[in-house]
Amino acid sequence: MTSVPRFRFAPSPTGYLHVGGARTVLFNWLEARRVGGEFVLRIEDTDTERNRPELTENILEMLQWLGLGWDGEPTYQSQRFDSYTAAADRLLADGRAYWCDCTAEEVQARAKERGGPPGYDGHCRDRGVERGTTTALRFRSPDEGSTGFDDLIRGHVVVENKTLEDFVLLRSSGTPTFLLANIVDDADMAITHVVRGEEHVNGTPKYLCLGDALGLDYRPVFAHLPVLVNEKRQKLSKRRDSVSVQEFKDQGYLPEAMVNYLALLGWGPKDGVEVRPLAEIVELFRLEDVTSSPAFFDVKKLQAFNSDHVRALPVDEFVDRARPFLSRGDIAEQAMAPLAELVQERVRLLTEVEPMIAFLIDDPVVIDDDSWTKAMVKGKAAPEMLDAAIAALDELTAWEAAGIRLAVEAAAVAVGLVNAEGQPQLSKAQGPVRVATTGRTVGPPLFESLEALGRDRTLARLREARARL
RNA sequence: GCCCCCAUCGUCUAGUGGCCUAGGACACCACCCUCUCAAGGUGGCGGCACGGGUUCGAAUCCCGUUGGGGGUGCCA
């Protein structure tokens with residue numbers, strides 16, 4: 001029987017899914033997909049104190065959103081405590097574990113006194129401490145020899161067993177800790193590939209020694225991914241860095257842009273084509289090609305990827321995606337309809353859509369102060385231009401972009417905003433008209449915008465602005 | 001302190017001994033295009049941390065230094 005490659009993502013519900021976790025999922029998922037293996041989820045909720053069940057929901061929801069599905073139902077460690085305590089009992093019976101009644105303070109005090117490395121010193125190893133309400137079960141780490149493992153990304157890693165301290169297996173509350181639950185489950189679930197963050201490298205020898213002590217004969221393939229860092233090159237942390245996937249979703253990032261960008265953190269396609277669909281990345285991705293150095297999570301580049309993915313959308317798909325970000329619902333959607341294509345190529349984030357078409361919804365239009373100053377106060381011949389535009393547009397019989405353009409051009413000529421050849425200078429002439437009607441100096445092309453605005457509102461706004469001058 | 005890991009433009013990367021006077025992308029700057037803003041086009045800025053080896057030849061291999069990171073929890 002040949003076993004299928006099996007990958008897993010094992011988050012603990014103590015925080016929202018963040019981009020680092022998402023990248024770990026992605027790399028697991030990508031490799032699993034490529035080799036035709038399975039990708040499963042295991043919720044590591046062993047710490048009943050910090051566990052926040054509702055966060056599991058967020059993690060699952062974000063994975064769905066990113067399009068990184070999993071096989072089968074997630075496993076919950078909180079429902080498998082029996083397996084862990086059984087393993088712990090075995091270790092205790094075999095003399096590979098012992099009860100310890102030291103408090104954290106005592107451990108620290110002794111470490112300080114002896115001046116050596118902090119951490120547990122094996123104080124209770126042979127004290128014959130009985131199980132009590134304040135005792136934790138510790139693993140008796142091997143004193144000699146060394147433990148090594150092969151890592152797809154880092155090569156061979158070896159550590160001396162004597163540097164492995166006697167870590168806790170069972171808390172005094174009786175709940176199992178990470179390492180114990182981890183190895184028991186990985187073996188039980190027949191995980192063949194352990195792909196996780198670099199922060200787990202140091203724990204791996206402990207994990208392996210534990211497995212040996214348990215007689216598991218279990219050796220998965222490891223791949224420790226480089227961590228994602230902030231601008232100060234520290235590991236991304238939910239606490240100090242704003243990196244939850246949910247936030248990016250809320251800001252109007254597209255999931256395809258997100259996974260595309262994340263795939264390029266620690267890996268790059270040989271052909272150099274960065275912006276591409278996930279399906280292509282699945283074909284090209286190789287876990288062994290992943291870099292071993294930390295990568296900076298650059299929001300600027302993410303934004304650039306998002307712009308590309310937004311523009312690559314068919315226009316009705318773009319409208320569908322933008323819909324949840326339109327706070328004013330149908331009104332906004334109807335307003336956007338005629339300008340959708342023009343808006344699409346101007347936004348980086350979906351949250352930028354509504355501000356761009358707000359002038360079609362707000363009545364009266366909200367005028368941006370800086371824009372007003374720039375176009376009306378500092379701009380050339382604003383009053384004259386508005387007068388001329390009003391006159392020209394008022395005479396228009398058909399209200400469509402091309403005709404509106406001709407009228408504005410005629411107005412420009414009338415007030416002398418022309419170049420050496422006597423041609424209208426729209427770059428100068430459009431300013432006052434744009435600000436009067438849309439409230440801003442920037443936005444979708446003016447004439448299409450005015451067509452969408454309608455004759456009456458356009459003229460009314462021009463007259464209102466003129467009156468203010 | 002101890003253990004482990006890492007080191008190519010500001011950032012993400014390509015590069016696995018000669019194809020490299022190091023390629024691409026983001027960012028930045030300039031110009032072009034242009035009704036604003038985008039988009040697009042062209043060009044520019046900018047890097048193999050340092051020192052020793054090995055080799056005919058090193059960004060690529062080895063050693064050291066320096067710098068950075070991760071771990072060192074009754075968190076995961």
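Q: In which helix is Arg 461 found?
A: In this predicted model, the relative accessibility of Arg 461 is 3%, and because buried means under 20%, Arg 461 counts as buried. Leaving out residues up to four places away in sequence, Arg 461 touches Phe 359, Asp 362, Asp 363, Val 365, Ala 436, Thr 437 and Leu 453. The element that holds Arg 461 is helix α20 (residues 455–468).

Q: Which side chain is joined to that of Arg 461 by a polar contact of 3.3 Å?
A: Among the residues that Arg 461 touches, beyond those up to four places away in sequence, are Asp 362 and Asp 363. The polar contact of 3.3 Å runs from the side chain of Arg 461 to that of Asp 363.

Q: What is the approximate omega of the peptide bond between Asp 363 and Pro 364?
A: Most peptide bonds are trans. Pro 364 has its place in the loop between α14 (353–357) and α15 (369–377). The bond that joins Asp 363 to Pro 364 is cis, with an omega of about 5°.

Q: Is Ala 190 buried or partly exposed?
A: Ala 190 is found in the loop between α5 (178–188) and β9 (193–197), and its phi is near 55°, a positive value in a residue other than glycine. Its relative accessibility is 42%, and because this value falls between the limits of 20% and 50%, Ala 190 counts as partly exposed.

Q: What is phi of Asp 217 near?
A: Most residues other than glycine have a negative phi. Asp 217 is found in the loop between α6 (204–213) and β10 (221–225), and at 75% relative accessibility this residue counts as exposed. Phi of Asp 217 is positive, at a value near 50°.

Q: How is chain A spread in space, and what is its radius of gyration?
A: The secondary structure of chain A comes to 20 helices and 12 strands. For 469 residues the globule rule gives 23 Å, and the computed value is well over this, so chain A is more spread out than a compact globule. Along its principal axes, the C-alpha trace spans about 100 × 50 × 40 Å. The radius of gyration of chain A is 32 Å.

Q: What share of the contacts in chain A with a separation of 6 or more comes from residues 24 or more positions apart?
A: Of the 469 residues in chain A, buried residues make up 50%. Among contacts with a separation of 6 or more, the share that comes from residues 24 or more positions apart is 75%.

Q: Which helix gives the largest share of the largest nonpolar core?
A: The largest nonpolar core has 56 residues, and those with the most contacts inside it are Phe 318, Met 336 and Met 385. The largest share of this core amounts to 8 residues and comes from helix α16 (residues 382–394).

Q: How many residues has the second, separate core?
A: Phe 318, one of the residues with the most contacts inside the largest core, is in contact with Val 310, Leu 313, Met 336, Ala 340, Val 343, Gln 344, Val 347, Leu 350 and Val 353, leaving aside its neighbours within four places in sequence. The second core is separate from the largest one and includes Phe 9, Phe 39, Tyr 253 and Leu 287; its number of residues is 51.

Q: What distance separates the C-alpha atoms of Asp 71 and Gln 334?
A: Asp 71 has its place in the loop between α2 (53–66) and β3 (75–76), and at 36% relative accessibility it counts as partly exposed. Not counting residues up to four places away in sequence, Asp 71 touches Gly 37, Glu 38, Phe 39 and Val 40. Gln 334 is 263 residues from Asp 71 along the chain, and the separation of their C-alpha atoms is 40 Å.

Q: What percentage of the atoms of RNA strand B that come within 4 Å of the protein do sugar and phosphate account for?
A: There are 64 residues around RNA strand B, of which Arg 154, Arg 171, Gly 266, Glu 274 and Gly 443 come nearest. By class, this surface has 22 nonpolar, 20 polar and 22 charged residues. Of the atoms of RNA strand B that come within 4 Å of the protein, the part that sugar and phosphate account for is 67%.

Q: Which residue has a backbone N or O atom 3.0 Å from a base oxygen of RNA strand B?
A: A polar side-chain atom of Arg 154 lies 2.6 Å from a sugar or linking oxygen of RNA strand B, and a backbone N or O atom of Thr 441 lies 2.8 Å from a sugar or linking oxygen of this strand. The residue with a backbone N or O atom 3.0 Å from a base oxygen of RNA strand B is Pro 445.

Technical notes. Residues numbered from 1 in each chain as written. Chains lettered and ligands numbered in written order. Predicted model: local features only at pLDDT ≥ 70, side-chain atom pairs only at ≥ 80, totals over all residues. Heavy atoms only, no water. Core = buried A, V, L, I, M, F, W, Y, C linked by side-chain atoms within 4.5 Å. Buried < 20%, exposed > 50% of the residue type's maximum accessible area, 1.4 Å probe, protein only. Helix = DSSP H or I, 4+ residues; strand = E, 2+ residues; numbered from the N terminus. Contact = heavy atoms within 4.5 Å. Near = heavy atom within 4 Å. Polar contact = N/O pair within 3.5 Å; in protein donor to acceptor, adjacent residues only side chain to side chain. Nonpolar A, V, L, I, M, F, W, Y, C, P; charged D, E, K, R; others polar. Rg over C-alpha atoms; globule rule 2.2 N^0.38 Å.
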